[in-house]
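Grab a pencil and open the viewer. Here are some short exercises, each with a worked solution to check yourself against.

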Amino acid sequence: MFQEYYPIRLSSLDDVNHIVNPAHLRQPGTLRSPAKDVMTDFEKIDPIRINDSTHIDDALAFMKSQHVRLLFAVNGNEEFTGIISAADISGDKPMAVMQQNGLSRDQVEVRHLMLQRMHIKALTYEQINNAKIGDVMLTLKGSGDQHVLITDESLAGVKRVRGIISASDISRYLRISFDVMYQAKSFADIERVVSRGQEF
C-alpha cells in the first residue's frame with residue numbers, strides 16, 4: 001500500500017541557531033518601493049470575512065481570535081456589503097446606533113455599525129501596479145483613512161475587491177512606527193527616518 005513512499009531521514013538541530021524571516025531577506029523598503037509590495041493580495045491570502053448579521057461582540061471576539069482589526073462583511077449570499085473595524089465596535093458607534101434605533105446592545109449587529117460598501121473609496125489594481133508606497137501614504141494622509149481597498153475585474157468582467165493596503169502594513173514594511181508615519185511633517189522627514197532609523 002505504501003510502496004511509493006519512503007521515510008525521510010531526520011537530522012539534529014544542534015548547529016542551527018537562526019530562523020529565516022522574510023523581512024531579513026528583502027531590502028529595506030523606501031517610499032519609492034512599489035506599492036504592490038505592501039498590498040495584501042486576496043489571490044494569495046484569504047480575506048477574513050464575517051456575516052453582516054453577526055452580533056458585534058461576537059465579531060470583536062472573532063477579530064481577536066484572528067489577530068486582525070478589520071473584517072470584510074458579507075451577506076447570506078457571500079456578497080461583499082461593507083467593512084467593520086475593532087474601533088467601530090469599541091468606540092461610541094454602538095451607543096449611537098442603540099439610541100437612534102431603540103436597540104439594546106445584544107441586538108446590535110455588524111450591519112448596523114459597518115462602513116457600507118457604497119461609502120467606501122478604493123484604488124484599482126492597475127493604479128497600484130503603477131504606484132509607489134509614497135503615493136499610497138499621501139493618499140491615506142489625504143483621506144484620513146488607515147487603509148484602502150484595491151479593486152480589479154475578473155476575466156469575466158466581474159468587479160471585485162482584490163486586496164487591501166493598511167497604514168500599519170506600510171509602517172512595518174518601512175520599519176518605522178505608525179505614529180512616526182502620521183506625525184511626520186514631510187516625506188523628507190520619513191525618508192530620513194527610513195534611511196537612518198532616526199526619530200524626529
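**Exercise 1.** Find out which residues of helix α8 are buried, and where they sit around the helix.

*Solution.* Keep in mind that you're looking at a predicted model.
- Step 1: go along α8, which covers residues 167–174, and pick out the buried ones: A167, I170, S171, Y173 and L174.
- Step 2: now look down the axis of α8. Those buried residues fall within an arc of 160°, so they line one face of the helix.
- Step 3: step just past the end of α8, and you meet R175, with a positive phi of about 60°.

**Exercise 2.** Work out the strand order in the open sheet of 4 strands, then place α8 relative to this sheet.

*Solution.*
- Step 1: read across the sheet and you get β1-β8-β7-β6, with mixed pairing.
- Step 2: check the ends. β1 (40–41) and β6 (122–124) each pair on one side only, which makes them the edge strands.
- Step 3: zoom in on β7 (residues 147–153) and β8 (residues 159–166). These two run antiparallel and are joined by 7 bridges. Across this pair, E153 stands opposite K159 in β8.
- Step 4: bring the helix back. α8 packs on the sheet, where it touches β1 and β8, and its direction makes about 50° with that of β8.

**Exercise 3.** Which residues touch the most other members of the largest nonpolar core, and which elements give two or more residues to this core?

*Solution.*
- Step 1: the core has 20 residues, and the ones touching the most other members are I128, V136, I150, I165, I170 and L174.
- Step 2: I170 and L174 should ring a bell, since both turned up on the buried list for α8.
- Step 3: the elements giving two or more residues are α6 (125–129), α7 (133–143), β7 and α8.
- Step 4: don't stop there! A second, separate core has 16 residues, including A59, M98, V110 and M114.

**Exercise 4.** Is R69 buried or exposed? Say where it lies and what it contacts.

*Solution.*
- Step 1: locate R69 in the loop between α2 (56–66) and β3 (70–74).
- Step 2: its relative accessibility is 61%, and exposed means over 50%, so R69 counts as exposed.
- Step 3: skip the neighbours within four places in sequence. R69 is then in contact with M63, I84, S85, A86 and A87.
- Step 4: compare sequence and space for R69 and D88. They're 19 residues apart in sequence, with 9.8 Å from C-alpha to C-alpha.

Conventions. Residues numbered from 1 in each chain as written. Predicted model: local features only at pLDDT ≥ 70, side-chain atom pairs only at ≥ 80, totals over all residues. Heavy atoms only, no water. Buried < 20%, exposed > 50% of the residue type's maximum accessible area, 1.4 Å probe, protein only. Arc of directions from axis to C-beta. Pairing = 2+ DSSP bridges. Contact = heavy atoms within 4.5 Å. Axes fitted to C-alpha atoms, helices over the stretch in contact; angles between N-to-C directions. Core = buried A, V, L, I, M, F, W, Y, C linked by side-chain atoms within 4.5 Å.
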